Amino acid sequence: MPGIVVVGAQWGDEGKGKATDQLGDRVDYTVRYSGGNNAGHTLVVNGEKYALHLLPSGILNDSVPVIGNGVVVDLDVLFEEIDGLNARGVDTSKLLVSANAHLITEYHQVMDKVTERFLGNRRIGTTGRGIGPAYSDKINRLGIRVQDLFDASILRQKVAAALEQKNHLLVKVYNRRAIDADQVADALLAHAERLRPMVADVTRVLNDALDRDQVVLFEGAQAHHLDVDHGTYPYVTSSNPIAAGACTGSGVGPMRINRVIGIAKAYTTRVGEGPFPTELLDADGDRLRTDGAEFGTTTGRNRRCGWYDALVVEAAATANAFTDIFLTKLDILSGWEKIPVCVAYDINGERTDRLPMSQSDFHHAVPVYEYLDGWKADISGARTFADLPRNTQAYVRRLEELSGARISGIGVGPSREQVVMINDLL
Ligand code: GDP
Ligand code: IMO
Ligand code: MG
């Protein structure tokens with residue numbers, strides 16, 4: 001029966017990959033349901049570091065890895081990632097890819113870059129991977145799907161149709177060269193035969209698995225506050241990373257999800273543009289960045305760093321109905337005298353303890369901090385809650401009171417075994 005969703009509670013890079021990996025061999029299927037290779041999930045397994053962008057983290061355990069219909073797939077990246085893992089001895093032969101997933105093509109990447117440049121200081125700070133344009137085409141009914149690879153003449157027609165408008169834009173508005181439709185189609189078709197054995201009716205496969213009482217883990221990419229409907233629009237990604245996205249992005253009904261685990265970092269980070277009330281633009285922010293190695297897995301950009309914002313996590317807990325929170329990178333906070341935690345905002349002189357409805361208010365939110373006692377000890381060897389110093393326990397308990405769900409697991413280091421479990425996640 002169990003359908004479990006893992007969702008980022010902040011702005012991404014919370015450690016979702018590591019949290020997914022925790023469930024490891026007890027999971028039968030691990031499903032990516034949204035986003036594409038804008039994600040970057042780093043896992044450390046038996047001392048080996050793996051960086052995954054498109055494949056579900058379950059590729060590193062015994063589960064069947066699945067790419068659902070809600071994902072946008074760059075085939076060059078997919079096969080590069082598969083080859084890289086194979087070269088390191090990882091078996092990827094069980095991978096399934098939905099026939100309904102959309103493809104990212106060269107023109108999506110080009111459009112992503114030129115539109116960002118055109119926006120100037122209103123840019124989103126995208127990953128430049130073509131994610132937004134690929135989802136735009138999907139919604140515009142101009143997208144190319146995995147199944148189109150197996151009907152070359154349809155594929156060529158669809159690519160030509162999708163490019164017609166874009167080439168006008170590229171040439172007349174963006175002053176770029178037109179893209180040749182046949183070249184794009186050839187590049188896509190070159191992958192068709194290698195992809196064919198992986199293509200499946202993922203909806204059927206997953207529902208059958210749930211009927212057999214197997215465990216299906218839906219691995220979110222991005223995060224609640226990057227969701228196109230629920231995030232800090234327009235500074236968001238172009239998909240629905242929230243828990244409900246697991247249903248649309250894979251074809252399982254909401255009644256089949258019975259656990260939603262929010263992944264929250266013990267402080268906050270964000271990559272790209274957009275509001276971030278607790279951001280630290282001073283030496284404290286630099287210290288968090290250095291201690292937490294907060295540099296992007298995907299684009300190598302510095303992550304913006306700040307204190308834990310309980311309002312941000314609470315909003316995610318509410319809209320996703322978190323049953324549990326997995327708190328990551330608590331080890332990075334060792335060594336501070338006091339640790340500020342944002343418990344409310346001051347917005348134009350008024351105090352609120354909930355995320356404001358209006359985006360303008362959010363841009364003007366000034367954090368109200370509570371200063372919790374820090375701890376000096378290195379906690380990376382802790383394996384039970386009782387192993388943690390008293391002040392660390394108090395920090396976790398206070399976050400739990402503020403954040404809208406029980407904290408069931410704590411990350412105390414990047415490795416698979418560096419974890420304190422409070423409640424079983426399954
Ligand atoms: P994701 O995108 O949510 O999967 O997160 P990323 O992989 O982009 O970023 C999280 C980073 O923190 C990775 O480098 C992980 O190896 C690392 N990490 C995850 N959990 C912990 C933890 O509890 N402690 C420490 N020190 N690092 C962690
Ligand atoms: P994981 O899964 C952090 C951000 C980008 C940009 C915005 C839109 O590793 O947590 P896009 O390329 O998606 O159109 O960019 O979203 N973004 C992420 N930030 N972690 C991610 O993924 C992200 N995926 C997208 O930086 O601000
Ligand atoms: Mg990441």
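A residue is counted as near a molecule if one of its heavy atoms lies within 4 Å of it. The views below show a predicted model.

**View 1. Surroundings of ligand 1.** By that cut-off, 19 residues surround ligand 1, and the closest are Gly15, Lys16, Gly40, Thr42 and Asp331. Backbone atoms make several of the polar contacts to ligand 1 listed here. A polar backbone atom of Gly15 is 2.8 Å from an oxygen atom of the ligand. For Gly17, a backbone N or O atom lies 2.9 Å from an oxygen atom of ligand 1. A polar backbone atom of Thr42 is 2.7 Å from an oxygen atom of ligand 1. Ligand 1 exposes 580 Å² when taken alone, and the protein buries 92% of that area.

**View 2. Surroundings of ligand 2.** Ligand 2 is surrounded by 20 residues, of which Asp13, Lys16, His41, Thr127 and Thr237 are the closest. Two of the contacts shown involve the backbone: a polar backbone atom of Asp13 is 2.8 Å from an oxygen atom of ligand 2, and a backbone N or O atom of Gly40 lies 2.9 Å from an oxygen atom of the ligand. Arg301 takes part through its side chain, with a polar atom 3.0 Å from an oxygen atom of ligand 2. On its own, ligand 2 has 550 Å² of accessible area, and the protein covers 98% of it.

**View 3. The magnesium ion (ligand 3) and its protein donors.** Asp13 (OD) and Gly40 (O) are the protein donors of the magnesium ion, at 2.0 to 2.1 Å from it. These two residues link distant parts of the chain and are 27 residues apart. Asp13 belongs to the loop between strand E1 (3-8) and helix H1 (16-23), whereas Gly40 belongs to the loop between strand E2 (29-32) and strand E3 (41-45). Asp13 is partly exposed, with a relative accessible area of 22%. Gly40 counts as buried, because its relative accessibility is 10% and the cut-off for buried is under 20%. Both donors also have backbone contacts to ligand 2: that of Asp13 is 2.8 Å long and that of Gly40 is 2.9 Å.

**View 4. The hairpin of strands E3 and E4.** Strand E3 and strand E4 (residues 48-52) run antiparallel and are joined by 5 bridges. Val44 stands opposite Lys49 in E4. The hairpin has 2 residues between its strands, and Asn46 in the turn has a positive phi of about 50°.

**View 5. The open sheet and its edges.** The sheet consists of 10 strands with mixed pairing, in the order E9-E7-E5-E2-E10-E1-E11-E15-E19-E20. Strand E9 (199-200) and strand E20 (419-421) are the edge strands; each has a single partner strand, so one side of each is left without a neighbour in the sheet. At the E20 edge, 3 bridges join E20 to strand E19 (residues 407-411), and the two strands run antiparallel. Within this pair, Gly409 has Met421 in E20 as its bridge partner.

**View 6. Helix H11 and its ends.** Helix H11 (residues 310-320) is largely enclosed by the rest of the structure, because 9 of its 11 residues are buried. The buried residues include Ala310, Leu311, Val312, Val313 and Glu314, and also Ala315, Ala316, Ala317 and Asn320. At the start of H11, a side-chain oxygen of Asp309 reaches to within 3.0 Å of the backbone nitrogen of Leu311. Ala321 follows the helix and has a positive phi, near 50°.

**View 7. Cysteines.** The structure holds 0 disulfides. Cys305 is in no disulfide, and the nearest cysteine sulfur, that of Cys342, is 16 Å away. This distance rules out a disulfide, because the pair of sulfur atoms would have to be within 2.5 Å. Cys305 is buried, with a relative accessible area of 0%. Cys247 also counts as buried, at 14% relative accessibility.

**View 8. Thr269 in strand E12.** Thr269 is found in strand E12 (residues 268-270). At 1% relative accessibility, Thr269 counts as buried. Between Thr269 and Asp284 there are 13 Å in space, C-alpha to C-alpha, and the two are 15 residues apart in sequence.

Definitions and conventions: Residues numbered from 1 in each chain as written. Chains lettered and ligands numbered in written order. Predicted model: local features only at pLDDT ≥ 70, side-chain atom pairs only at ≥ 80, totals over all residues. Heavy atoms only, no water. Pairing = 2+ DSSP bridges. Helix = DSSP H or I, 4+ residues; strand = E, 2+ residues; numbered from the N terminus. Buried < 20%, exposed > 50% of the residue type's maximum accessible area, 1.4 Å probe, protein only. Donors = N, O, S within 2.8 Å, 3.2 Å for Na, K, Ca; no water. Polar contact = N/O pair within 3.5 Å; in protein donor to acceptor, adjacent residues only side chain to side chain. Areas by Shrake-Rupley, 256 points an atom, 1.4 Å probe, with all protein chains shown as cover.
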